[in-house]
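Here is my note on the model you sent. The points follow below, with the cut-offs set out where each term comes up.

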Amino acid sequence: GGCGGGECFTCPVFLNLRTPSGGVYEAYENYDYFHDAAGGISNTAKTNTHGGGGLFRSPGGAGARGGEGHRMQWTRFGAAAPFAERAVLHALSWRVASHEELPESIKTYVDEMLPLWKDAPRDLAEIRAMQQAG
């Protein structure tokens with residue numbers, strides 16, 4: 001549906017999973033996906049901690065792939081070991097076209113700690129090769 005000139009899609013998920021130890025893990029998650037083909041912003045907030053110029057705007061103002069804005073918001077209520085028996089977790093993210101578009105702090109962390117995450121897999125064959133390599 002419409003969302004300030006863009007599109008929104010919400011996906012609520014109720015988790016009720018059996019754990020390897022025989023227990024049950026229950027949680028509620030909600031995913032909100034936002035797409036703004038103009039690369040603009042649906043929210044009128046003007047600041048964020050990443051300096052992108054708006055609450056959901058990707059760094060530098062325009063989103064990935066020719067100015068498209070792709071953003072996702074995630075919220076979970078459930079166990080968050082070892083921090084809390086019950087907690088609310090929240091994250092905001094946006095899509096970038098390349099590793100170079102990441103904020104400097106995230107890019108440095110990925111370069112140093114998670115080099116496999118610098119680029120997306122090329123195809124399903126590369127994904128399967130990584131899975132088999134362990």
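1. Terms for exposure. Buried means under 20% relative accessible area, exposed means over 50%, and partly exposed lies in between (1.4 Å probe, protein chains only). Lys 118 is therefore partly exposed, at 35%.

2. Basis. This is a predicted model, in which local features need pLDDT of at least 70, side-chain atom pairs count only at pLDDT 80 or more, and totals for chains, interfaces and linings use all residues. Residues are numbered from 1 along each chain as its sequence is written, and side-chain values use heavy atoms, with hydrogens and water left out.

3. Layout. The chain has 3 helices and 5 strands. Both are DSSP runs, numbered from the N terminus: helices are H or I with at least four residues, strands are E with at least two. The order from the N terminus is β-β-β-α-β-β-α-α. Of the 134 residues, 22% count as buried.

4. Asp 36. This residue sits in strand S3, residues 24–36. Asp 36 counts as buried because its relative accessibility is 7%. Its C-alpha lies 4.4 Å from that of Gly 6, although the two are 30 residues apart in sequence.

5. Salt bridges. The criterion is a side-chain nitrogen of Lys or Arg within 4 Å of a carboxyl oxygen of Asp or Glu. The whole structure has 5 of them. Side chains of opposite charge can pair when their charged atoms come close.

6. The Lys 107 bridge. Lys 107 pairs with Glu 100, with 3.4 Å between the closest N and O atoms. The partners are unlike in exposure: Lys 107 is buried, since its relative accessibility is 10%, while Glu 100 is exposed at 56%. Glu 100, Glu 104 and Lys 107 are linked in a network of salt bridges.

7. Two further bridges. Lys 118 pairs with Asp 111, the closest N and O atoms being 3.7 Å apart. Asp 111 is partly exposed, at 37%. Glu 126 pairs with Arg 122, at 3.5 Å between the closest N and O atoms. Here Glu 126 is partly exposed at 22%, and Arg 122 is exposed at 71%.

8. Nonpolar patch. Tyr 109, Met 113, Leu 114, Leu 116, Trp 117, Leu 124, Ile 127 and Met 130 make a nonpolar surface patch of about 870 Å². Helix H2 (104–113) and helix H3 (124–133) each give two or more residues to the patch. H3 gives the most, with 3 residues. Patches take residues with over 30% relative accessible area and no salt bridge, joining like charges within 9 Å and nonpolar side chains (Val, Leu, Ile, Met, Phe, Trp, Tyr) within 5 Å. Areas come from the Shrake-Rupley method with a 1.4 Å probe; for residues, only the protein chains shown count as cover.

9. Trp 117. This patch member is found in the loop between H2 and H3. Trp 117 is exposed because its relative accessible area is 67%.

10. Largest pocket. About 590 Å³ of space lies in it. It has 20 lining residues, and the closest to its centre are Trp 117, Lys 118, Asp 119, Ala 120 and Pro 121. H2 and H3 are the elements that give two or more residues to the lining. The lining divides into 12 nonpolar, 2 polar and 6 charged residues.

11. Pocket terms. On a 1 Å grid over the protein atoms alone, a pocket is an open set of points where a 1.4 Å probe fits, with protein on both sides within 12 Å along at least five of seven lines; lining residues have an atom within 4 Å of a point. Points are joined across faces, edges and corners, and the volume is the space filled by probe spheres set on them. Ala, Val, Leu, Ile, Met, Phe, Trp, Tyr, Cys and Pro count as nonpolar, Asp, Glu, Lys and Arg as charged, and the others, Gly among them, as polar.
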